[in-house]
Each structure stands twice: as structure tokens, then as C-alpha cells.
Amino acid sequence: MTAVLDGIKVLDFTRTLAGPFCTMMMGDMGADVIKIEEPTKGDETRSWTPFWNEESTQFLSFNRNKRSLSLNLKDSDAIKIALTLAADADVIVESFRAGALDRMGLGYQDIKDVNPDIVYCSVSGYGRTGPMTDKPGYDLIIQAYSGLMYLTGEPDGSPLRVGFSLVDLFTGMMAYGSVMTALYHRDKTGEGQWIEAALLDGQVAAMSYHGTGFLGTGVEPQRMGSGHPSLVPYQSFPGEDGYFILGCANQGLWEKMCVAIGHPELLEDTRFADNTARVAHRDDCVSLLSNIFKSEKVSFWVNKIEQAGVPCGPINKISDVVSDEQVLARNMVVDIPHPNVPDLRVPNSPLKLTETPPNVRLAPPLLGQHNEDILVEMGYGMGEIASLREKGVIGG
């Protein structure tokens, strides 16, 4: 099948998670992604635990379908190489501090001078405008600053970090969508553009109904554990041997659930007459159901409730997810043989397109693995490459 981004060249000046997730998705869709890395240590995530055969699983998770070029961007010869690559590129994605690439001669205007139709995406914590533009942004810090942590955790507990790096990954997806939109615009008009993808912007957007609810009512949203501010019951409940999740998102589901669990009398309780009433009597409803559910094992309740057509399910561990039959049927775990990790398996691309599906072609690269290949493609001879290596322009 056709790789939809075949022929698109991407220069990846990003590190850690958000930017690399964006460029990996482009690589999955067929783009030639050249990852520019510092020559001695490379992307910081190469040193992050845990390790699989001495390779960081963090780095392995976000860098398939890329070629690694290790360039010392403090050297003028390296900047020359980067500019030459940029002149022939379609997309640049960068996550440097504001102004850093401008000082190197690799900012948007510098690239636009040599490649007027470039699509240039800047990933940052707080954006390139406003009073906080110079502050570094990290997933954890933005989880706190955006209100996400304040709303995560039990009502009587402390704010908690969300288990996945959702801020980074949401921003990477946002950057990917913006780049694809910009490429479509370029196809129609011939114009490139500068794109921003800021971690904080993404989480303010994701705040959605919490923000709108506060703006409309002035009531500050609070932590609710696994609960939902607008729906009851819509949360986790304890069984005899663990927890499961239950979601009655409308009145019909509530009625089916009451019958399925053998307590139709709940339908006559005026406190639970409709969802508005149940929200008003949340504690009573949750307490009553919890006492019922504690009498039997999780599997008992999940089977009964699911058979009634009500959304319900177990709360899986990661080990459950990576071996789950639905996950495997969707090809969401993929094998990528790696020079140092021959049995490497990673989560696959979530994009499902019938005519232009994503494709895993390249294992996450070793640091500088493709230095010679890329420089030879640019017209450098082996003697010149050896000289660049000796001078420390590229890695060894």
C-alpha cells in the first residue's frame, strides 16, 4: 500500500517525548525523518531507565522510523550541514528553548530564507509569546500548571500526576495534526508556515467542560477520584477481590444496570430518579452501590453488567493490556528487530487508515547510526566525512 508521506523529508530537532512522538508518527506514515542529535550523548531519553539490553525503553518508545545524524550544532560546519538539509526538507520540528535556534542561524526566518515553503513547527512548554515564553516546559510541570494535577486524585488526597505522560503525548499529536494541516495548505497554495505546539495550550483545550463549567457557574471543579462531575454512577467500584469500572451515561443504562445487579427497587428511589437527582445525591448512590458490589468478585459483576449492555470492565494493569486479545487483534503491539534488542516490541501507531496505513520500517536508531548514509546522500566524500568526524562536527 502507498505510504502517504513517502517523499516528505523531516528534520527532527526535538528531544524527550512530545516532539519525538510527533516525528515518529510522520515516520510511521512514510516520511524520511532525520533525527539530529548531540554527538556524545544524543537525546536525553537514551540515558533514562529502564533499559532493555542496555538500550533505554524510553528512547525505544518514541524513535522508530527515523535515521540518526549526530551533529555538534556549536560548530559552524554542523550548522552548514543542517542548513543544507533544511534547504531540501519539507518539515522541521524543533523543541529548543525560545531563541536558541535563532542564535544558531537555524530559526524559522533563517530556514525560510533558504527554503521559502518550509513547514516549521516549534514545540514548547508555554508557547513563543506571552510572559512565560522563556520558561522550560515539562510534562509534570504543565500537569500542575494547567489544573490537570489539581483535578487528579481522591477528594481527600493530594493532587496526583497522571500515570502516562499525557501532556507530552497530547502535544505531540497536536503538532502532528498541525503539520499535516500545514502540508495540505502548502499543497493548495504553495505556502509554508510557522507552527506552534505548546504543552500548556493543549491542556487548556483538553480542560474543555471543566473550564466551561467554571466560566458558566463560578464553581471550582474538585478532585473526584475516578468519578465524573456530570454523571452518576460513572466511576470505579470495589468488588470482593478488586475494582472495576462502571459507566451509566444515560437513564436507560442506569435502569438496565439496576435490574442486572438484582436491585430493581433502586428505580423507585426518588434520590436516584434521574441523573440530575443522582448527581445531587452522589454520596448516597455511590455508597449504596459499593456495599452491593463488595459482596461478589469483580468478574461476577462485570459479566452480569456487561450482559445487560451496560458499559463496564476491569481495571487492567499494563501487563494485562499488552497481552489483551483486543489490543493484539488491533495490531497495537508491534515487533521491531533492533541491533541490540532483537526481540524488541513496542506499542504501535494508533492511526488506522485503510489505503495509507502506518508502517514500521526502521528500528529506533543507534546514536549517529546514519551519519555516513546521510552525508553521502548530500554529496560528501568519505574523506570529508572522516575529517568532520575528526573535528568533532559529527559523532564517532
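Phenylalanine 13 has glutamate 94 of β6 as its bridge partner. Aspartate 12 also has its bridge partner in β6, namely valine 93. These pairs belong to the contact between β1 (residues 9-13) and β6 (residues 91-94), two strands that pair in the parallel sense over four bridges. The model described here is predicted.

Now take the other neighbour of β6. Strands β6 and β7 pair in the parallel sense, again over four bridges. Here valine 93 has cysteine 121 of β7 as its bridge partner.

**The sheet**

These strands sit in an open sheet of six, ordered β5-β2-β1-β6-β7-β8, with parallel pairing. Strands β5 (66-70) and β8 (193-198) stand at the edges; each has a single partner strand, so one side of each is left without a neighbour in the sheet. On average, neighbouring strands are turned by 20° against each other, direction ignored.

Which residues of β6 are buried on its two faces? Val91 and Val93 are buried on one side. Ile92 and Glu94 are buried on the other, and both faces of the strand are covered.

**Helices on the sheet**

Two helices that meet the strands are listed here.

| Helix | Residues | Strands met | Angle |
|---|---|---|---|
| α3 | residues 76-87 | lies across β1, β2 (32-37), β5 and β6 | about 145° to β1 |
| α8 | residues 199-217 | touches β7 (119-124) and β8 | about 65° with the direction of β8 |

Helix α8 packs on the sheet. Helix α3 lies across four named strands, β1, β2, β5 and β6.

**The cores**

The largest nonpolar core has 33 residues. Which of them touch the most other members? They are Val10, Met26, Val91, Cys121, Val123 and Val179. At least two residues of this core come from each of α1 (18-28), β6, β7, α7 (166-189), β8 and α8.

Methionine 26 deserves a closer look. Leaving aside neighbours within four places in sequence, methionine 26 is in contact with Leu5, Val10, Ala31, Val33, Val91, Val93, Tyr176, Val179 and Met180. Val91 and Val93 in that list are also buried residues on one side of β6. Val93 is the residue whose bridge partner in β7 is cysteine 121.

A further core of 30 residues lies apart from the largest one. Its members include Leu73, Ala89, Tyr108 and Tyr380.

Conventions. Residues numbered from 1 in each chain as written. Predicted model: local features only at pLDDT ≥ 70, side-chain atom pairs only at ≥ 80, totals over all residues. Heavy atoms only, no water. Pairing = 2+ DSSP bridges. Axes fitted to C-alpha atoms, helices over the stretch in contact; angles between N-to-C directions. Contact = heavy atoms within 4.5 Å. Buried < 20%, exposed > 50% of the residue type's maximum accessible area, 1.4 Å probe, protein only. Core = buried A, V, L, I, M, F, W, Y, C linked by side-chain atoms within 4.5 Å.
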